[in-house]
Amino acid sequence: MTGEEGAVKLVWDKPEETDIASYKVYRAKQGQNLFRCVAEEVKAYGYVDTDVEENTTYIYRIAAVDIAGMEGEQSEKVYGSVKADETAPVVTGISPAESILGKDVEFEVLALDNARLQSVCLEYRKIDSDEAW
């Protein structure tokens with residue numbers, strides 16, 4: 001398991017059993033013993049948990065589900081924390097772009113982030129002026 005910026009990445013080995021249909025991922029916060037299922041029907045040998053907070057340690061357990069729908073024993077506990085998000089978001093598009101605008105203008109901003117993008121702040125002004133619109 002690794003802590004990523006804005007996520008915890010879990011990886012497990014392929015089992016020897018051939019009747020495994022999927023996996024369930026259980027999570028609890030450190031200091032709590034209440035595990036809740038955060039992902040069902042995981043078909044891969046890993047899971048990326050993005051519903052996490054910085055400065056929090058999480059405890060995970062994995063359970064295999066066979067083709068009959070029977071859930072096996074949960075794995076041993078593994079611990080993971082989220083790394084601080086140090087990567088700035090990137091604006092990938094603004095619409096409308098370079099056109100004559102009327103009185104009631106609506107802008108659309110597209111932005112990408114490696115973690116949770118909380119908000120986008122748009123500042124604008126008249127061309128060749130420090131004055132706000």
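Trainee: Does E40 count as buried or exposed in this structure?
Mentor: Keep in mind that the model is predicted. E40 has a relative accessibility of 55%. The cut-off for exposed is over 50%. With 55%, E40 therefore counts as exposed.

Trainee: Which residue forms a salt bridge with E40?
Mentor: Side chains of opposite charge can pair when their charged atoms come close. For E40, the closest N and O atoms of the pair are 3.7 Å apart. The partner of E40 in this salt bridge is K24.

Trainee: How many residues apart are E40 and K24?
Mentor: Place each residue in its strand. E40 sits in strand β4, and K24 sits in strand β3. The pair links distant parts of the chain, and the separation is 16 residues.

Trainee: Which residue in the loop between β6 and β7 is paired with K24?
Mentor: This second salt bridge of K24 has an N to O distance of 3.1 Å, and its other side chain is that of E71. The loop residue lies 47 residues from K24. Its relative accessible area is 34%, which makes it partly exposed. The loop residue is E71.

Trainee: Which residues make up the network of salt bridges?
Mentor: Put the two pairs together. E40 bridges to K24, and the side chain of E71 also meets that of K24. The network links K24, E40 and E71.

Trainee: How many salt bridges does the whole structure have?
Mentor: Two of them have come up: E40 with K24, and E71 with K24. Another joins D49 and R27, at 2.7 Å from N to O. D49 lies in strand β5 and R27 in strand β3, so this pair ties together parts 22 residues apart in sequence. A search of the whole structure gives a total of 3.

Trainee: Are D49 and R27 buried or exposed?
Mentor: To count as buried, a residue must have under 20% relative accessible area. D49 meets that label, and R27 does too. Both residues are buried.

Trainee: Why is strand β3 described as largely enclosed?
Mentor: Count along the strand, which covers residues 20-29. It has 10 residues. The strand is largely enclosed by the rest of the structure because the number of buried residues among these is 7.

Trainee: How many bridges join β3 to β6?
Mentor: Strand β6 covers residues 57-66 and pairs with β3 in the antiparallel sense. One partnership puts A28 with I59 in β6. The number of bridges between β3 and β6 is 9.

Trainee: Which residue in β4 stands opposite Y23?
Mentor: Strand β4 covers residues 36-42, and β3 pairs with β4 in the antiparallel sense over 4 bridges. The hairpin of these strands has 6 residues between them, and G31 takes a positive phi near 95° there. Opposite Y23 in β4 stands V42.

Trainee: Which element gives the most residues to the largest nonpolar core?
Mentor: In soluble globular proteins, nonpolar side chains tend to be buried together. The largest core here has 12 residues, including V8, W12, V25, Y58 and I62. The elements that give two or more residues to this core are β2, β3, β4 and β6. With 3 residues, the top contributor is β6.

Trainee: How many residues does the other core have?
Mentor: This core lies apart from the largest one. Among its members are Y26, A28, I59 and A63. Its number of residues is 5.

Trainee: Does T56 count as buried or exposed?
Mentor: T56 is in the loop between β5 and β6. Leaving aside neighbours within four places in sequence, T56 is in contact with K29, G80, S81 and V82. Its relative accessibility is 13%, and the cut-off for buried is under 20%. T56 therefore counts as buried.

Trainee: What is the accessible area of the nonpolar patch on the surface?
Mentor: The patch is formed by V91, I94, F107 and L122. One of these residues, V91, lies in strand β8, which covers residues 90-95. Together the four residues have an accessible area of about 320 Å².

Trainee: How many strands does the protein chain have?
Mentor: Read along the sequence, the pattern is β-β-β-β-β-β-β-β-β. The chain has 0 helices. Its number of strands is 9.

Technical notes
Residues are numbered from 1 along each chain as its sequence is written. This is a predicted model: local features need pLDDT of at least 70, side-chain atom pairs count only at pLDDT 80 or more; totals for chains, interfaces and linings use all residues. Side-chain values use heavy atoms; hydrogens and water are left out. Patches are made of residues with over 30% relative accessible area and no salt bridge: like charges are joined within 9 Å, nonpolar side chains (Val, Leu, Ile, Met, Phe, Trp, Tyr) within 5 Å. Accessible areas come from the Shrake-Rupley method with a 1.4 Å probe; for residues, only the protein chains shown count as cover. Buried means under 20% relative accessible area, exposed over 50%, partly exposed in between (1.4 Å probe, protein chains only). Two strands pair if DSSP finds at least two bridges between them. A nonpolar core is a set of buried Ala, Val, Leu, Ile, Met, Phe, Trp, Tyr and Cys residues joined through side-chain atoms within 4.5 Å. Contact means heavy atoms within 4.5 Å.
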